Amino acid sequence: MTQQAIRLESTDRGIWIHSGDRRVGFYQRETAQRGDAPPCSNYLHPINDLDGNPLTEDFPSDHLHHRGIFWAWHQLTVDGNTIGDGWMLRRFTWDVRECEPSSLDDGAAMLRLVVEWKSPDFRNGQVPVVTEQTRLTFFPDSDDRRQFDVDIRLRATHPNTRIGGSDDAKGYGGLSLRIKLPDDLAFVSQNGPEQPAFASVPPSPWMSFRGSFSEQSDHSITVLTHPQSVGYPQPWILRSARSMQNPVWPGPDAVLLPEHSDVRLRYRVLIHRKSGSAEMIDRWQQSYIAAPDTAV
């Protein structure tokens, strides 16, 4: 198959990502609401497989706050005061101030985002408590693989701002994938086959999710973590039903979010027809590490 350049199409709600005449996925720029679910923005859904079937779920009935591929945390405090709950979508908004598409070499395309996190619990919601700069980079499809990068940088606007995951043994928070969960779903990391646990499983640079995501064909989803990500390698929250998958950072204990430097989280998501051996995924990991840093 001849690789086709990625094309970004702006709409009143967000950005469609196309590879030739096929839709790769959609970035939700404007605030969306489905039924009784809380409103939110700044996430990816749908993300499609190579045959055009959606792999992600949006506002599912079991967890109305889950949305496609998103990045969120339960704990955010300033001077010890709780600032909403970005995970549960309570008293929290994402104001997408900039959403700039650009074309890169070899047919790739990037969305450069500047997002202000706001809450009525911080200065009446008039100023951001965190500034997020995220780069979403989409690469042309190959015959059996699709990939895109999620590169998140966070910076506090006020001293003594702290961020953390769920305040329990699970500690979930950070990049999260609400993907479909087929009955034959299997998990494989660099450590070997994995089984979901109540809390997290041991750290791994990558995690692969394998199963019958659609009736037409089997696909796998693999998430690679870049060594520049804070907390690398990160532990994983894995779920086989009615939930999401999450490389965990920072966990249940909230950490200081700096004002004058960025906290960075870098991931590559691959959608591929073949399961891929551990050796192959390790090669993908090394290729990711060696690739130019397009967000610099």
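Buried means under 20% relative accessible area, exposed over 50%, and partly exposed in between, with a 1.4 Å probe and protein chains only.

**View 1. Cys-40 in the predicted model.** Cys-40 is buried, at a relative accessible area of 2%. The closest cysteine sulfur, in Cys-99, lies 15 Å from that of Cys-40, too far for a bond. This is a predicted model, in which local features need pLDDT of at least 70, side-chain atom pairs count only at pLDDT 80 or more, and totals for chains, interfaces and linings use all residues. Residues are numbered from 1 along each chain as its sequence is written, and side-chain values use heavy atoms, without hydrogens and water.

**View 2. Cys-99 and the search for disulfides.** From the sulfur of Cys-99, the closest cysteine sulfur is in Cys-40, 15 Å away and too far for a bond. A disulfide is a pair of cysteine sulfur atoms within 2.5 Å. The whole structure has zero.

**View 3. The fold of the protein chain.** One helix and 21 strands make up the secondary structure. Helices (H or I, at least four residues) and strands (E, at least two) are DSSP runs, numbered from the N terminus. Of the 296 residues, 55% count as buried. Contact means heavy atoms within 4.5 Å. Among contacts between residues at least 6 apart in sequence, 61% join residues at least 24 apart.

**View 4. Charged side chains of the protein chain.** There are 31 positive side chains (Lys and Arg) and 38 negative ones (Asp and Glu); His and the chain ends are not counted. The centres of the two sets lie 2 Å apart, with each charge placed at NZ of Lys, CZ of Arg, CG of Asp or CD of Glu.
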